[in-house]
Each structure stands twice: as C-alpha cells, then as structure tokens.
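User: I am new to this structure and would like a close look at a single part of it. Please take one helix and describe how it sits among its surroundings.

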Amino acid sequence: MLKKLFILFVLLCPSTLWAQVFLSEEGQKLSANPEKQDTLDKKIRLEVFYLQTDVDTVIPLTQENPMVLCIGESFMTYRSYGAYRRDSLYVTKGKATTLGEVLDLDFIYPNIPNYHLVRNLKSKMLTESFSVFPSRYRCQDSTAVFQWTLLPDTATVCGYLCHKATAPFRGRVWTAWWSDEIPIDAGPWKLQGLPGLILKAQDDKGIHHIEATSIRSPKLHFLTMSLHSWRKVTREAALKAIYEDATHPGAGMVAAGLIEKKEPEANAKKRRLFYSPYEDF
C-alpha cells in the first residue's frame, strides 16, 4: 500500500517539487541516463513550430500546447515542444545530463501532450507513441489517407500564401491551409497529402485548431525515436486505453495491478481528465 501511495504522490507532484523533496543536492547531480534512441534521419530540412489548441467539451476545458514538426529527408516527427527541448538537452550534454536539469526542464516545458508521431516519408507508415501510466503504447497506422478537395480560397499564414483544402478523416472533416511556397508533403499530426506544407488546420467540430507560429532551419540536426519499453498494440487499442484513462482516471494503474478496482462510475465522472480525441476508434 505504501508503495502505491508513493507512486500516486510522484504523479501528482510538479517535477521541481519532486526534485526538492526526494532528491538531495547531490542526487540532482546524478546522471539522467537518457533512454537509448534509434537515429532515424541525419538530414533535417526544416523545423516548424505550431500552437495546437484542443477543446474538451465535456469538462469543459481548452488546452493550448506548443508543438514541433521536424522534417527530414526520410522521416518526419511531430511532438510536444517539451519533448523537443529535452532531446536538445540530451544532444548538447549527452550522458552528462543530470536528473536536476531534466526535472527543471520538464517543469518549464512539460511534455504535453505526451505523444510522439513518426512518419516514414517513403513508406508513408505512421508510428505513434502514447503514454498511459504506467504503460507506454506504440502502434502503427498505414491507412491514414486524406482525400482532399482543393478550393480556390487563399489566406496568409505565418507569412506564407496558403491555399484551402478540405477532407473527411475518421469522424471529422478537416480544413487545411497549405503553401506551395514550401513544396513539402507534410503537416502537423497526421495531416498530409497536399502539394505543399500544411501551416494551419481545424476540424469541423471546432475542437481542434493547429497553426504554425514560426519556421526555421534546423537546430536539432537529426531525428530519433526511443527504443525503451514500448508495448506494441493496435491503433484502436491505444486510443481506447487513452479514453479509459481519461474517463476513468487510474484505469491504467488498475490494469497494471498497482491499485484496486476503479471507483464507482459517479465518482469517475467527477474526476474526468482532459480528453479531446483527434479520431474515432
């Protein structure tokens, strides 16, 4: 029981508080032991920064999170700015990175959402990584195809002339603004399949809005993907796990046997976590 309470306390504590309470000054100087990474691409062409706005209509609550799209020659990744900054720290300091540095960075730039998408630009295969404590899920998606309708409307996004396109995808209709001034087939999340980079997108339900805030040449010159302890599942299984954990907080710990059976439905609804899915499962 004490072990279970300890785990819950760790989850609820901000990272800097965790460092102060559980790590001495010497403890914060210990190596962070970065996870082993597989290098996917050593020739990054572009870094695109987006502001991703998502709405949970049930709570209700809106979250705004900075995201980063890194585009290489063979792969691209889409993840939180916090995850990008942590990788930058590891690249700069390598094995010399300390626990204190990682905890402080996580507090300033939290890894929200805890989601990492990798797209193989040749095979078109998408690999998604999700975390639902205490499990980490990884799934592949080979069927993410958008049937775009090109429209004559134009708009300026992040200083680039963009064209409008719409497409249905897994329960939503997306409107995208893409620029032929950057002729790269890429975009935030799974959005792709247009003659130019997608700089802005929103769904027809009004709960997702993603817009580029800046574009630059790469400062992080290669793409990596963690190889550590991922449970391979189907896309549907991963999405269901995220839904269960949000609507029944602690469902992941129940499944792992860390805590007893989940609480009554009425109590679970009161403690519902933020949930704003991008696709149906």
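Analyst: What follows is a description of helix α3 and the parts around it, in a model that is predicted.

Helix α3 covers residues 81-93, and at 1.5 Å a residue its 13 residues should span 18 Å, which agrees with the 18 Å that separates its end C-alpha atoms. The axis of α3 comes within 10 Å of the axis of helix α4, which is made of residues 99-108, and the two axes cross at roughly 155°. Because angles over 145 degrees count as roughly antiparallel, that crossing makes α3 roughly antiparallel to α4, and the crossing is right-handed.

Turning to the side chains and their neighbours, R85, R86, L89, Y90 and K93 are the residues of α3 that meet α4, where their partners are E101, V102, L105 and D106. Taken together, the residues of this contact divide into four nonpolar and five charged, with no polar ones.

The buried residues of α3 are G82, A83, Y84, D87, S88, L89 and Y90, so L89 and Y90 are both buried and part of the contact with α4. Besides α4, the buried residues of α3 pack against the strands β2 (44-56), β3 (61-72), β4 (75-80), β12 (208-216) and β13 (223-226).

One further residue can be placed relative to Y90, namely E35, which is found in the loop between α2 (15-22) and β1 (37-41). Although E35 and Y90 are 55 residues apart along the chain, their C-alpha atoms are separated by 9.7 Å. E35 has a relative accessible area of 29% and is therefore partly exposed, whereas Y90 is buried.

Technical notes. Residues are numbered from 1 along each chain as its sequence is written. This is a predicted model: local features need pLDDT of at least 70, side-chain atom pairs count only at pLDDT 80 or more; totals for chains, interfaces and linings use all residues. Side-chain values use heavy atoms; hydrogens and water are left out. Axes are lines fitted to C-alpha atoms, for helices over the stretch in contact, and angles run from 0 to 180 degrees between N-to-C directions. Helices (H or I, at least four residues) and strands (E, at least two) are DSSP runs, numbered from the N terminus. Angles under 35 degrees count as roughly parallel, over 145 as roughly antiparallel, 65 to 115 as roughly perpendicular and the rest as oblique. A crossing is left-handed if the near helix is turned anticlockwise from the far one by less than a right angle, and right-handed if clockwise. Contact means heavy atoms within 4.5 Å. Ala, Val, Leu, Ile, Met, Phe, Trp, Tyr, Cys and Pro count as nonpolar, Asp, Glu, Lys and Arg as charged, and the others, Gly among them, as polar. The expected span of a helix is 1.5 Å times one less than its number of residues. Buried means under 20% relative accessible area, exposed over 50%, partly exposed in between (1.4 Å probe, protein chains only).
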